[in-house]
Amino acid sequence: MEEVRVFPLTCAVQNYAWGKVGLDSEVAKLVIGGDALAVVEADKPYAELWMGAHPKGDAQIKDNRIAQTTLGQWIAHFPACLGSKVKDTFQGQLPFLFKVLSVNTALSIQAHPNKELATRLHTQFPEHYPDTNHKPEMAIALTRFEGLCGFRPVEEILEFLEKVPEFHTLVGHGAAQELRGGVGDADRTSQALKRCFTRMMDWEKKVVVENLNELVKRVTEDAAAGKDTSGISGDLLLRLHSQYPGDIGCFSIYFLNHVVLNPGQAMFLGANEPHAYLYGDCIECMACSDNTVRAGLTPKYIDVNTLCEMLNYSPAPASSKIFPCLQDPSDPCVSIYNPPVPDFTVMRIQIPASVKQYNISPVDSASILLVIEGEATGTSPAALSDLTLTRGSVLFVSANESVSLHITSQSGMTLFRACCLL
């Protein structure tokens, strides 16, 4: 039944071990808000909410007038819903996966390949790299959100090499000297950084554990004695070590920027950018892929050689990792996060309490809408009946369709919208 082109979704939840537990999780709160019959278990992690048509978490359609049961099936039947440009560019597939993440313990040190490398990895190791697509992604903080992202300025890394002898041991004197000697020359710096990072990642487990235990012991004793350990990121080191004891990833904090996002701030992670999410809740949007190269802070498959070979060794300050959003010139309620890839764009729609009628404008792309705060009744010629929207509601909106909101909450409304603006 193609006439229904705007409909609600029930979305897949992933209960990965690193997720926040029970109702501490934003994911769990949204699930309960969007479905009165949903049950949240107090001791279970609720890590990710997947809003899209990915085969590992295809959203269920919540409209019994529609014959297809999942969003993926419906798009396969009615690919025109994507919009003509999106349909042609992405071979009839929804090009993005929209998510909410609730992170309690660190995710792995990882990077995502570009399309060329993804194709090669998939051909060689399909069990570890399940598709041939790139996986650029963007995280937008819902709460204070912490992550590691990109290589620090060289001056900061050199300072840690002086202050943290165990780190210096793993990097090695020769590689550290090479990094110091390359300052001011971008190519030499990049090569030296690669040598330093690869050398550290290549040590056998026994040596890593010995050095890490030595450092953790010293930082713990200093902290107990009231000494300030912030100059060597003592608190972060102890936190990561408590989550992943003996893991080489604990030392990566001396190479990678520690980025803290306030709600509404974003970071964009392009191909080959080393990163790890540490704590907090965020909206995430990505190209529809599962390709992740990992090398620490994880019990999963680790591919150190591929990671060290592929990374972008361009040092830059933490502030440069915060991705700016732009005000929509035609709508003061909309902020646009438009990354330098064609696969997705995210909009934050903040409707003030004074506004009771609001129109979600049509775009030439299928979009997915998530309600973060507020309540409304939605109407659309393409929905055929009213839509009740509350915190946690998720809507699929076909290309070139609009939704009118009659807002019933007293404090306004906040929504996020993922689409593909070619």
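**Exercise 1. Decide whether Arg 294 counts as buried or exposed, and describe its surroundings in this predicted model.**

Solution. Begin with the accessibility: Arg 294 has a relative accessibility of 18% and therefore counts as buried, since the cut-off for that class is under 20%. Next, place the residue in the secondary structure, where Arg 294 is found in strand β12, which covers residues 293–294. Then list its contacts, leaving aside neighbours within four places in sequence: Arg 294 touches Ser 108, Ile 109 and Gln 110, and also Lys 300, Tyr 301, Ile 302, Asp 303 and Val 304. Finally, consult the record, in which UniProt lists Arg 294 under "active site" in an unreviewed entry; such an annotation may be inferred rather than shown by experiment.

**Exercise 2. Carry out the same analysis for Ser 398, asking where it lies and what it is in contact with.**

Solution. Ser 398 lies in the loop that runs between β21 (394–397) and β22 (403–407). Although it is a loop residue, Ser 398 has a relative accessibility of 3% and so counts as buried. Its contacts, again apart from neighbours within four places in sequence, are Arg 5, Val 6, Trp 74, Cys 81, Ser 365 and Ala 366.

**Exercise 3. Identify the buried residues of helix α7, explain why they line one face, and name helices that cover them.**

Solution. Helix α7 spans residues 173–181, and its buried residues are Ala 175, Ala 176 and Leu 179. Viewed down the axis of α7, these buried residues fall within an arc of 100°, so they line one face of the helix. The general background is that an α-helix has 3.6 residues a turn, so residues three or four places apart point the same way. What covers the buried residues of α7 includes α5 (154–163), α6 (165–171) and α8 (186–201).

**Exercise 4. Describe how α5 and α7 pack, from their geometry to the residues that meet.**

Solution. Start with the axes, which lie 10 Å apart and make an angle of about 145°, in a crossing that is left-handed. Then turn to the residues: from α5, Val 154, Ile 157, Leu 158, Leu 161 and Glu 162 meet Ala 176, Leu 179 and Arg 180 of α7. Sorted by class, this contact holds six nonpolar residues, two charged residues and no polar ones.

**Exercise 5. State what the UniProt domain annotation covers and how that stretch is built.**

Solution. The unreviewed UniProt entry gives "domain: Phosphomannose isomerase type I catalytic" for residues 6–154. Over residues 6–154 the chain is 22% helix and 24% strand, while the C-alpha atoms at the two ends are 50 Å apart.

Key
Residues numbered from 1 in each chain as written. Predicted model: local features only at pLDDT ≥ 70, side-chain atom pairs only at ≥ 80, totals over all residues. Heavy atoms only, no water. Buried < 20%, exposed > 50% of the residue type's maximum accessible area, 1.4 Å probe, protein only. Helix = DSSP H or I, 4+ residues; strand = E, 2+ residues; numbered from the N terminus. Arc of directions from axis to C-beta. Contact = heavy atoms within 4.5 Å. Axes fitted to C-alpha atoms, helices over the stretch in contact; angles between N-to-C directions. Left-handed = near helix turned anticlockwise from the far one by under 90°. Nonpolar A, V, L, I, M, F, W, Y, C, P; charged D, E, K, R; others polar.
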